[in-house]
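Got your viewer open? Load the model below and follow along, one selection at a time.

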Amino acid sequence: NCSKNSGEKIKNSEIFLGLVNESYLNEPLCALQLGYAILLDKPIGIIIDKSLKINKNLKQIAKFIEPADFKNQNEFKKASENILKKMEKLV
């Protein structure tokens, strides 16, 4: 079961890192995963496709947000490295 498997992974992790693109925003399982991370008080980092607007509530819950062009591999890699460095300081 995908949701059970996700729940165990989130519970056993020190951080929650979400990759937010349009399909993520339209997928209920992703919202459940994010909500579970919030309930477990996990630090939340988001890499968001810079073509999307970051809503107010997501800005409030995420410790770090890195925008990136998901179609540009170099830009996505740099955003990933940046957010992981920031998140490592929290744990």
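Start with Asp41, which sits in the loop between α3 and β2. Keep in mind as you click that this is a predicted model. Check the backbone of Asp41: its phi is near 60°, a positive value in a residue other than glycine. Asp41 has a relative accessibility of 67%, so it counts as exposed.

**Into strand β2**

Next, select residues 44-49, which make up strand β2. How many of the residues of this strand are buried? The count is 6 of the 6, so β2 is largely enclosed by the rest of the structure. In a regular strand, side chains alternate between the two faces of the sheet. Try colouring the two sides separately: Ile44, Ile46 and Ile48 belong to one, Gly45, Ile47 and Asp49 to the other, and all of these are buried.

Now bring in the neighbouring strands. Strand β1, residues 16-20, pairs with β2 in the parallel sense over 5 bridges. To find the register, pick Phe16, which stands opposite Ile44 in β2. Then add strand β3, residues 64-68, which runs parallel to β2 and is joined to it by 5 bridges. Here, Ile46 has Ile65 of β3 as its bridge partner. Turn on helix α4 (residues 56-61) as well, and you have a right-handed β-α-β unit made of β2, α4 and β3.

**The cores**

Which residues form the largest nonpolar core? Select these 12: Ile10, Phe16, Val20, Tyr24, Cys30, Leu34, Ala37, Ile44, Ile46, Ile48, Leu58 and Ala62. At least two residues of this core come from each of β1, α3 (28-39) and β2. In soluble globular proteins, nonpolar side chains tend to be buried together.

Zoom in on Tyr24, one of the core residues. Leaving aside neighbours within four places in sequence, Tyr24 is in contact with Phe16, Leu19, Cys30 and Leu34. A second, separate core has 5 residues, among them Ile47, Ala68, Ile83 and Met87.

**Charged side chains**

Go back to strand β2 and pick Asp49. Asp49 is buried yet has no salt bridge, and the nearest side chain of opposite charge, Lys71, is 6.5 Å away. With neighbours within four places in sequence left aside, the contacts of Asp49 are Val20, Asn21, Ala68 and Phe70.

So where are the salt bridges? Searching the whole structure turns up 2 of them. Side chains of opposite charge can pair when their charged atoms come close.

- Select Glu75 and Lys50: their side chains meet in a salt bridge, at 2.9 Å from N to O. Glu75 lies in helix α5 (residues 73-88) and Lys50 in the loop between β2 and α4, so the pair ties together parts that are 25 residues apart in sequence. Glu75 counts as partly exposed, at 24% relative accessibility.
- Select Glu66 and Lys86: here the N to O distance in the salt bridge is 2.7 Å. This pair links distant parts of the chain, 20 residues apart, with Glu66 in strand β3 and Lys86 in helix α5. Glu66 is buried, with a relative accessible area of 10%, while Lys86 is partly exposed, with 32%.

For a last view, show helix α5 alongside its two salt-bridge residues, Glu75 and Lys86.

Methods
Residues numbered from 1 in each chain as written. Predicted model: local features only at pLDDT ≥ 70, side-chain atom pairs only at ≥ 80, totals over all residues. Heavy atoms only, no water. Buried < 20%, exposed > 50% of the residue type's maximum accessible area, 1.4 Å probe, protein only. Helix = DSSP H or I, 4+ residues; strand = E, 2+ residues; numbered from the N terminus. Pairing = 2+ DSSP bridges. Right-handed = clockwise from strand over helix to strand, strands pointing away. Core = buried A, V, L, I, M, F, W, Y, C linked by side-chain atoms within 4.5 Å. Contact = heavy atoms within 4.5 Å. Lys, Arg positive; Asp, Glu negative; His and termini not counted. Salt bridge = Lys/Arg side-chain N within 4 Å of Asp/Glu carboxyl O.
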